[in-house]
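Colleague: I'd like to learn how to read this model feature by feature. Could you walk me through it, starting with how helices pack?

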Amino acid sequence: YYLVHLGSRAHGGAGLVFTEMTCVAPDARISPGCAGMYDDAHVVAWRRIVDYVHARTYARIALQLGHAGPKGSTQLGWEDADEPLAQGNWPLVAPSAIAYGPRNQIPRAMSETDMARVRDEFVNATRRAVECGFDWLELHCAHGYLLSAFITPLSNRRTDAWGGTAENVATSVGLIPNSKLAMTRVKASAPTSPSTTPMPASSIPWRTTIPTIRFVWAPNAKGVRVVGDFNYWNGEGSYMQLIPGAGVWALFVEGASTGSLYKFEVLGTDGVWRLKADPMARFAEAAPHTASIVYESQYVWGDDDWMWYRGQKAMHAEPMSVYEVHIGSWRKGLTYLELANELVEYCSWQGYTHVEFMPVAQHPFEGSWGYHVTGYYAPMSKFGSPDEFRHLVDKLHQAGIGVIVDWVPGHFAT
């Protein structure tokens with residue numbers, strides 16, 4: 001199953017394929033059907049899959065390691081997911097003796113001996129992952145599993161060195177070669193009031209910023225650093241790691257959040273550091289400023305009816321009337337939010353079925369009409385935020401008007 005499942009995704013053009021959570025010990029499993037990395041036989045099986053991906057595709061392959069903790073010993077997903085086994089349950093461990101749900105068994109609060117054993121299980125699984133040839137390793141710290149249970153006071157009521165403060169519960173990944181990029185998958189949780197309403201993420205006391213992962217493709221660079229307002233534009237402590245064979249540099253950045261400004265410092269073969277904006281950023285500063293901006297969309301689409309209609313119609317056989325628009329020139333000076341009213345009204349009045357936007361990607365020179373791009377996926381910030389551009393598209397869809405966007409990664413004038 002895993003050979004076909006992961007192999008087909010790799011053949012499909014994905015740059016990176018992940019295993020789902022692979023358990024570090026028999027009692028770390030969610031259910032009896034979970035994959036593991038705690039036996040030498042597992043190395044043989046996983047190596048076959050890794051070798052296939054490396055030999056037959058251009059993709060990289062990552063292993064996600066985890067421990068079910070208080071969510072373990074449950075039925076298979078197609079039976080009665082999250083329900084305890086009818087028989088053959090194994091003992092569970094957790095930071096505190098708190099059951100995950102009303103029908104789950106109460107786990108044993110972990111002792112120092114348990115801590116050492118689980119640590120060694122992760123270390124041994126990591127060694128086996130390296131032996132298999134996995135390119136990346138990810139630790140699963142979400143969904144209420146063991147590591148996640150340590151980082152939320154909902155399930156961690158300990159008063160010793162493993163509970164209480166963020167510093168106490170922080171852990172590190174050990175014995176991973178520097179050529180591997182270690183990542184963590186985290187879902188933040190917070191204390192709740194006696195009601196069942198979770199606290200908003202902004203009120204979580206243990207973390208007030210959103211960690212982000214930055215990537216940049218620079219195969220010939222000698223070094224790459226991330227600089228931004230979160231590190232006072234000093235990249236000395238923010239060196240990125242080169243992913244072997246990919247030409248891609250990556251870094252897990254603490255302290256950055258939506259709205260943070262950043263750039264890359266790239267060390268060329270000539271020994272000179274050069275400051276570069278992120279061509280893959282989703283948002284950028286308006287000219288004359290050039291920094292990239294960390295952005296996390298909060299937009300909620302309202303075009304379900306249009307999306308359904310589009311899927312039902314044979315659009316290639318329907319009559320089309322397309323209105324080509326250069327946002328910077330049409331009723332010059334309007335923002336995305338203003339266009340969402342005036343442009344939609346005009347196109348509806350004229351009976352157009354589609355709007356085609358001339359290039360809206362970030363570009364520094366207005367006279368280029370968008371054909372000299374510096375941010376492939378960042379809508380022109382002069383007219384508003386990415387979510388405000390989404391609002392414009394959404395309003396066109398709600399009016400029954402399709403949207404075509406000219407995307408010009410490279411343009412050579414003749």
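Modeller: Sure, and keep in mind that this is a predicted model. To read a helix pair, begin with who touches whom. On the α1 side, Tyr-2, Leu-3, Leu-6, Gly-7, Ala-10 and His-11 are in contact with Trp-46, Arg-48, Ile-49, Tyr-52, Val-53 and Arg-56 of α2. Sort the residues of that contact by character and you get eight nonpolar, two polar and two charged.

Colleague: What about the geometry: within what distance do the axes of α1 and α2 come, and at roughly what angle do they cross?

Modeller: The axis of α1, residues 2–11, comes within 10 Å of the α2 axis, and the two cross at roughly 20°. That makes the pair roughly parallel, because angles under 35 degrees are put in that class. As for handedness, α1 passes α2 in a right-handed crossing.

Colleague: And how do α2 and α4 pack?

Modeller: Here the angle is about 40°, and the axes of α2 and α4, the latter being residues 112–132, lie 8 Å apart. The α2 and α4 helices are therefore oblique to each other. Their crossing is right-handed.

Colleague: Which residues of α2 and α4 meet?

Modeller: From α2, you have Asp-40, Val-43, Trp-46, Arg-47, Val-50 and Asp-51; from α4, Arg-128, Glu-131 and Cys-132. That contact between α2 and α4 divides into four nonpolar, no polar and five charged residues. Notice Trp-46, too: that α2 residue is listed in the contact with α1 and in the contact with α4.

Colleague: Let's zoom out. How many helices and strands does the chain have?

Modeller: Nine helices and 19 strands. For burial, look at the share of residues: 42% of the 414 count as buried. The accessible surface of the chain is about 22300 Å², with 55% of that belonging to carbon and sulfur atoms.

Colleague: What share of the contacts with a separation of 6 or more comes from residues 24 or more positions apart?

Modeller: Those pairs account for 68% of them. You can see what such a pair looks like at Trp-217, in strand β8, residues 212–217. Trp-217 is 30 residues from Gly-247 in sequence, yet their C-alpha atoms are 5.7 Å apart. Leaving out residues up to four places away in sequence, Trp-217 touches Ala-246, Gly-247 and Val-248.

Colleague: With those contacts, is Trp-217 buried or exposed?

Modeller: Exposed, because its relative accessibility is 62% and the cut-off for that class is over 50%. So read contacts and accessibility as separate entries. Glu-338 makes a handy second case: this residue of helix α8, residues 336–350, is partly exposed, because its relative accessibility is 36%. Glu-338 and Glu-388 are 50 residues apart in sequence, with 9.8 Å between their C-alpha atoms.

Colleague: Show me a loop residue at the other end of that scale. Is Ser-31 buried or exposed?

Modeller: Ser-31 counts as buried, at 7% relative accessibility. You'll find Ser-31 in the loop between β2, residues 22–23, and α2, residues 40–56. Neighbours within four places in sequence aside, its contacts are Thr-74, Gln-75, Leu-76 and Trp-90.

Colleague: Next, backbone torsions. Which residue other than glycine has a phi near 55°?

Modeller: That's Ser-73. Its place is the loop between β3, residues 60–66, and α3, residues 77–80. Ser-73 counts as buried because its relative accessibility is 1%. Trp-369, also not a glycine, has a positive phi of about 60°. That tryptophan sits in the loop between β17, residues 361–362, and β18, residues 375–379. With a relative accessible area of 42%, Trp-369 is partly exposed.

Colleague: One last backbone check: which two residues does a cis peptide bond join?

Modeller: Ala-287 and Pro-288, and the angle to look at is omega, which is about 10° there. To find the spot on screen, go to the loop between β13, residues 273–276, and β14, residues 292–293, where Pro-288 has its place.

Technical notes
Residues numbered from 1 in each chain as written. Predicted model: local features only at pLDDT ≥ 70, side-chain atom pairs only at ≥ 80, totals over all residues. Heavy atoms only, no water. Helix = DSSP H or I, 4+ residues; strand = E, 2+ residues; numbered from the N terminus. Buried < 20%, exposed > 50% of the residue type's maximum accessible area, 1.4 Å probe, protein only. Contact = heavy atoms within 4.5 Å. Axes fitted to C-alpha atoms, helices over the stretch in contact; angles between N-to-C directions. Parallel < 35°, antiparallel > 145°, perpendicular 65-115°, else oblique. Left-handed = near helix turned anticlockwise from the far one by under 90°. Nonpolar A, V, L, I, M, F, W, Y, C, P; charged D, E, K, R; others polar. Areas by Shrake-Rupley, 256 points an atom, 1.4 Å probe, with all protein chains shown as cover.
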